[in-house]
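Got the viewer open? Let's take a short walk, one selection at a time.

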Amino acid sequence: MVIILCVDLHIHTTASDGSDTPGEVVEKAVRLGLRAIALADHDSLAGVRAAQQAAADFNLEVLSGVEVNTYFEGQEIHVLGYLIDPQNDEFISKLAEFRGERLTRARKMVKKLKQLGINIDFDRVKELSEGGSVGRPHIARAMLEKGYVASLQEAFNNYLGAGKPAFIPREKLSPAEAIQLIIRAGGVPVLAHPGLVKLDPYLPDLMEAGLKGLEVWHCKHNPLMVEHYYRLTQKLGLIATGGSDYHGAVHDTCNVLGAAVAPYRTVQLLKAAAGKN
């Protein structure tokens, strides 16, 4: 019998817009029998150490990771960074800058919502972030609490998604710039959920900037997308990664840890790319 060790390399915690603490994520990963996980909180490495400490007594490897939001030709593009040096001053400083921009953006979105007759309190949005990186899901949760929407997804579909009335884009950082930033911090850059964006024609440019992988397995990738992007990784010599994009059970989507996984071989390839084998 062949046992395939699985890894979930795209997980959010309370360090950004997830609803589980790093420790709770580790507990669930252990129960699922996952061999490795990576936290990929938005613009934050804050949960990594706590998760690694929680996993110390188990046969569970916790990789450092982050998800950086960028903007390119009308699309919000997410770039994952793995095995980043948590002591890299430039990277830590940039993440702090990004989190500050998130606060400003969230404040502007709350103001736009008020102009639409949706009165939520910005302080409550910050409370819902529990000290982590503030994002649109926290605004959506505040809207849900006050009965303006029936679900978090409705908040995005009608108000907070790209092109919707309360949406404010983040245009400061390009995907190529995020890739370079991750590389300078000793990390491995991977394009998140490529099936949800239209970047295939630009992959050669991103590879020239230093892109090392594509997130092939994702909770919102259908089988045809998985096949397409797996073949692309083989053709282009990129690492095929995967993860559930888990945000916690309170979310409407991406709410099942381990819903999308990659083989443990992915971790080995990421380590080799980072020179950490």
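Start by selecting histidine 193, which sits in the loop between strand S6 (188-191) and helix H8 (203-209). Keep in mind as you look around that this is a predicted model. Check the backbone here: phi of histidine 193 is near 25 degrees, a positive value in a residue that isn't glycine. Buried or exposed, then, for histidine 193? Its relative accessible area is 8%, and the cut-off for buried is under 20%, so histidine 193 counts as buried.

Next, jump to aspartate 43. You'll find this residue in another loop, the one between strand S2 (36-39) and helix H2 (48-54). What does phi look like at aspartate 43? The angle is about 55 degrees, positive again even though the residue is not a glycine. Aspartate 43 has a relative accessible area of 0%, so put this one down as buried too.

Now zoom out and colour by domain. Domain 1 takes in 6-88 + 174-274, while domain 2 covers 95-159. In sequence terms, then, domain 1 is written as two segments, with domain 2 as a single one. Drop a marker on the C-alpha centre of each domain, and the distance between the two markers should come out at 24 Å. How many residues are in contact across the two domains? Select them and you should have 17 residues from domain 1 touching 15 residues from domain 2.

Switch to cartoon for the whole protein. The secondary structure amounts to 10 helices and nine strands. The radius of gyration is 18 Å, close to the 19 Å that the globule rule gives for 277 residues, so the protein is as compact as a globular protein of that length. Want a frame around it? Along the principal axes, the C-alpha atoms fill a box of roughly 55 × 40 × 40 Å.

A contact map is worth opening here. Among contacts with a separation of 6 or more, 69% link residues 24 or more positions apart.

Finish with the surface. About 12,400 Å² of the protein is exposed, and carbon and sulfur atoms supply 52% of that area. Colour by burial instead, and 53% of the 277 residues count as buried; the two loop residues from the beginning of the tour, histidine 193 and aspartate 43, are buried as well.

One last selection: the charges. There are 30 positive and 32 negative ones, and the mean positions of these two sets are 2 Å apart.

Terms used:
Residues are numbered from 1 along each chain as its sequence is written. This is a predicted model: local features need pLDDT of at least 70, side-chain atom pairs count only at pLDDT 80 or more; totals for chains, interfaces and linings use all residues. Side-chain values use heavy atoms; hydrogens and water are left out. Helices (H or I, at least four residues) and strands (E, at least two) are DSSP runs, numbered from the N terminus. The radius of gyration is taken over C-alpha atoms; the globule rule is 2.2 Å times the number of residues to the power 0.38. Buried means under 20% relative accessible area, exposed over 50%, partly exposed in between (1.4 Å probe, protein chains only). Contact means heavy atoms within 4.5 Å. Accessible areas come from the Shrake-Rupley method with a 1.4 Å probe; for residues, only the protein chains shown count as cover. Lys and Arg count as positive and Asp and Glu as negative; His and the chain ends are not counted. The place of a charge is taken as NZ of Lys, CZ of Arg, CG of Asp or CD of Glu. Domain bounds come from an automatic or database domain assignment.
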